[in-house]
Amino acid sequence: MPKVALGGTFQYLHDGHARLIEKAFEIAGGGKVHIGLTSDKMLQKNHSVDMYENRRGRLLEYIEKMGVPKENYEVTRLNDPYGPTLEEDFDYIVVSPETYPVALKINGIRKEKGKKLLEIVYVEYVMAEDGTPISSTRIAKGEIDRHGRLKKEA
């Protein structure tokens, strides 16, 4: 069974996040998806980000609503950009354009260690109504909602 890695901050669980999560479970089939959730310690964002436990709770709730059995996933705290991907065996890593460079770095380190390279599954950004990618930063600024709909100015 495939073992799939996915990582992120998952602040607003927007449609871009949903596409990444759904792709990870699609690839895993009946295998396991390991989701690394960025720790509070690791965050360095311009906008305020919810505490780890709040983000974790929303992520778990979303996955439960998808109907995924608990034994098919694990959410762990990421204290660095790589998590367990440097040591553990994984088959795939699911990335966005933003996280693609990290996957390349992971494979570079794995190659140096003589480990099997991860197959990188690249998922394009989900676009908002205005043709610009949906992002947590844009949502925090009040430009769009989590589905990419433009917010009406008052």
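A residue is called buried when its relative accessible area is under 20%, and exposed when that area is over 50%. These two words will guide the tour that follows, which moves through a predicted model.

**First stop: the paired strands**

Begin by selecting strand β1, residues 3–8, together with strand β4, residues 92–95. The two strands are paired in the parallel sense, and 3 bridges link them. To see one of these pairings, select Ala5 and look across to Ile93, its bridge partner in β4.

Next, keep β4 in view and add strand β5, residues 119–122. These strands also run parallel, joined by 4 bridges. Here the residues to select are Val94 and, opposite it in β5, Val121.

**Second stop: helix α3**

Now add helix α3, residues 100–112, to the selection. Together, β4, α3 and β5 form a right-handed β-α-β unit. Helix α3 contains 13 residues and reaches 19 Å from its first C-alpha to its last, close to the 18 Å expected at 1.5 Å a residue.

Which residues of α3 are buried? They are Ala103, Ile106, Asn107, Ile109 and Arg110. Around the helix axis they cover an arc of only 160°, and therefore they lie on the same side of α3. The general geometry of a helix is useful here: with 3.6 residues a turn, residues three or four places apart point the same way.

Show the surroundings of these buried residues, and β4 and β5 will be found among the elements that cover them. Then turn to the other side of α3, where Lys111 and Glu112 are exposed. Beyond the helix, select Gly114, which follows α3 and has a positive phi, near 75°.

**Third stop: helix α2**

Move to helix α2, residues 52–66. Its 15 residues reach 21 Å from the first C-alpha to the last, close to the 21 Å expected at 1.5 Å a residue. Select Tyr52, Arg55, Leu59, Leu60 and Ile63, which are buried in this helix. Look down the axis of α2: the buried residues fall within an arc of 130°, so they line one face of the helix.

What covers the buried residues of α2? The covering elements include α1 (15–28), β2 (32–38) and β3 (73–78). Add these three elements to the view in order to see them around the helix.

Finish at Gly67, just after α2, where phi is positive at about 85°.

Definitions and conventions: Residues are numbered from 1 along each chain as its sequence is written. This is a predicted model: local features need pLDDT of at least 70, side-chain atom pairs count only at pLDDT 80 or more; totals for chains, interfaces and linings use all residues. Side-chain values use heavy atoms; hydrogens and water are left out. Two strands pair if DSSP finds at least two bridges between them. A crossover is right-handed if, with the strands pointing away from the viewer, the path from the first strand over the helix to the second runs clockwise. The expected span of a helix is 1.5 Å times one less than its number of residues. Buried means under 20% relative accessible area, exposed over 50%, partly exposed in between (1.4 Å probe, protein chains only). The arc is that of the directions from the helix axis to the C-beta atoms. Contact means heavy atoms within 4.5 Å.
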